[in-house]
Amino acid sequence: MRDKKDSAPLFNKIAKHYDTFNIFASFGIEKSWRRRIKTLFIPKGNILDLGCGSGQFSKTIINDNCSVFGIDPAIKMLKIGKQRKYNLKFINGYGENLPFKDNSFDFIISAFVFRNLKNINRTLSEIKRVLKEGEKLIILEFFWPENHLLSLFFSIYLGHLLPFIYKIFGGNSQDIKYLCFSIKKFYNVKNFKSLLKTHEFDNIRYLNLSFNLARYFIMEKGKENEQN
Ligand SMILES: C[S@@+](CC[C@H](N)C(=O)[O-])C[C@H]1O[C@@H](n2cnc3c(N)ncnc32)[C@H](O)[C@@H]1O
């Protein structure tokens, strides 16, 4: 599969307003979605936040029992996180080429990143390589609504209204349109689950959030002697 266009330059461009825009665009709901991760696992050991941005997802799980590493190719997103002084080790890099040894992490988490990856298959292979056997990968992602009314609302709100508001505040409406269409072009739930299956993750399940607008996918890397 050919690589998609690198989205890191776009995130560098919108980094300054990204977090505020996110809260505004989701009417604040995304904060509660992120906090929900605390009900899905007990953070301990080494944790990787893949596509960490400014660290908004990691900050909900940081505690004294874990070391959190955040990796992201957009240097300006990392810079904002560093200024906020979260207890997180920020690393500049891509999910497709993780600079870690095999079996380094007890958990890997990732929020709103998968639809922005250059190569989803290569990233999933890298995740499997650096995750310890039997441990969890947790992905939070938007999915385009299957309900016709919600789909229409999404098209108008994300595709037209938000880009218009963003433009009034001095941004480039095309940048926000990209975020909208990246959701539309992304896998549906069934196909995403199939993709995860082809990478031989075990026990793949998902949790629906707010009228199924977003979902947590939770899975484990199987143990060597239990695979196949
Ligand atoms: C929508 S933001 C989400 C940031 C953060 N996870 C959060 O929840 O706020 C998507 C992030 O994915 C990062 N990203 C884009 N391409 C990536 C890649 N190939 N590997 C890892 N991260 C990537 C972007 O730089 C951006 O920070």
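Start at the ligand and select the shell around it: by class, that shell has 13 nonpolar, six polar and three charged residues. Keep in mind as you click around that this is a predicted model. In total, 22 residues surround the ligand. If you want to label just the closest ones, pick Gly51, Gly53, Ala74, Gly95 and Ala111.

**Zoom out to the whole chain**

Switch to cartoon and colour by secondary structure. You should find seven helices and seven strands in the protein chain. Walking from the N terminus, the elements run α-α-β-β-α-β-β-α-β-α-α-α-β-β. The radius of gyration is 17 Å, close to the 17 Å that the globule rule gives for 228 residues, so the chain is as compact as a globular protein of that length. Along its principal axes, the C-alpha trace spans about 55 × 40 × 35 Å. Colour by burial next, and 32% of the 228 residues come up as buried. For contacts between residues at least 6 apart in sequence, 59% join residues at least 24 apart.

**Split the domains**

Give 8–143 + 194–226 one colour, which is domain 1 in the domain assignment, and give 146–185 another for domain 2. The C-alpha centres of the two domains lie 23 Å apart. Where they meet, nine residues of domain 1 are in contact with seven residues of domain 2. Now select helix H1 (residues 8–25): five residues of domain 1's touching side come from H1, the largest share. Colour that side of domain 1 by class and you get five nonpolar, two polar and two charged residues.

**Down the axis of H3**

Next, select helix H3 (residues 75–83). Which of its residues are buried? Show Met77, Leu78 and Gly81 as sticks, as these are the ones. Turn the view until you look down the axis of H3: the buried residues fall within an arc of 100 degrees, so they line one face of the helix. That fits the usual geometry: an α-helix has 3.6 residues a turn, so residues three or four places apart point the same way. To see what lies over the buried residues of H3, bring up H1, strand E2 (66–72) and strand E3 (89–92), which are among the elements that cover them.

Stay on H3 and click isoleucine 80, which lies in this helix. Is isoleucine 80 buried or partly exposed? With 18 C-beta neighbours inside 10 Å, isoleucine 80 counts as partly exposed, since the cut-off for buried is 20 or more. Leaving aside residues up to four places away in sequence, isoleucine 80 touches Ala15 and Ser54. Try a distance label to glycine 55 as well: the two are 25 residues apart in sequence, yet 8.7 Å apart in space, C-alpha to C-alpha.

**Three positive phi values**

Step just past H3 to lysine 85, which takes a positive phi of about 60 degrees. Then go to the loop between E3 and strand E4 (105–111), where you will find asparagine 103. Asparagine 103 is not a glycine, but has a positive phi of about 50 degrees. It has 14 C-beta neighbours inside 10 Å, so asparagine 103 counts as partly exposed.

For the last stop, select serine 210 in the loop between strand E6 (201–209) and strand E7 (214–221). The phi of serine 210 is near 40 degrees, again positive in a residue other than glycine. Serine 210 counts as partly exposed because it has 13 C-beta neighbours inside 10 Å.

Note on methods: Residues numbered from 1 in each chain as written. Predicted model: local features only at pLDDT ≥ 70, side-chain atom pairs only at ≥ 80, totals over all residues. Domains from an automatic or database assignment. Contact = placed C-beta atoms within 7 Å. Helix = DSSP H or I, 4+ residues; strand = E, 2+ residues; numbered from the N terminus. Nonpolar A, V, L, I, M, F, W, Y, C, P; charged D, E, K, R; others polar. Buried ≥ 20, exposed ≤ 12 C-beta atoms within 10 Å, placed from the backbone. Arc of directions from axis to C-beta. Near = placed C-beta within 6 Å. Rg over C-alpha atoms; globule rule 2.2 N^0.38 Å.
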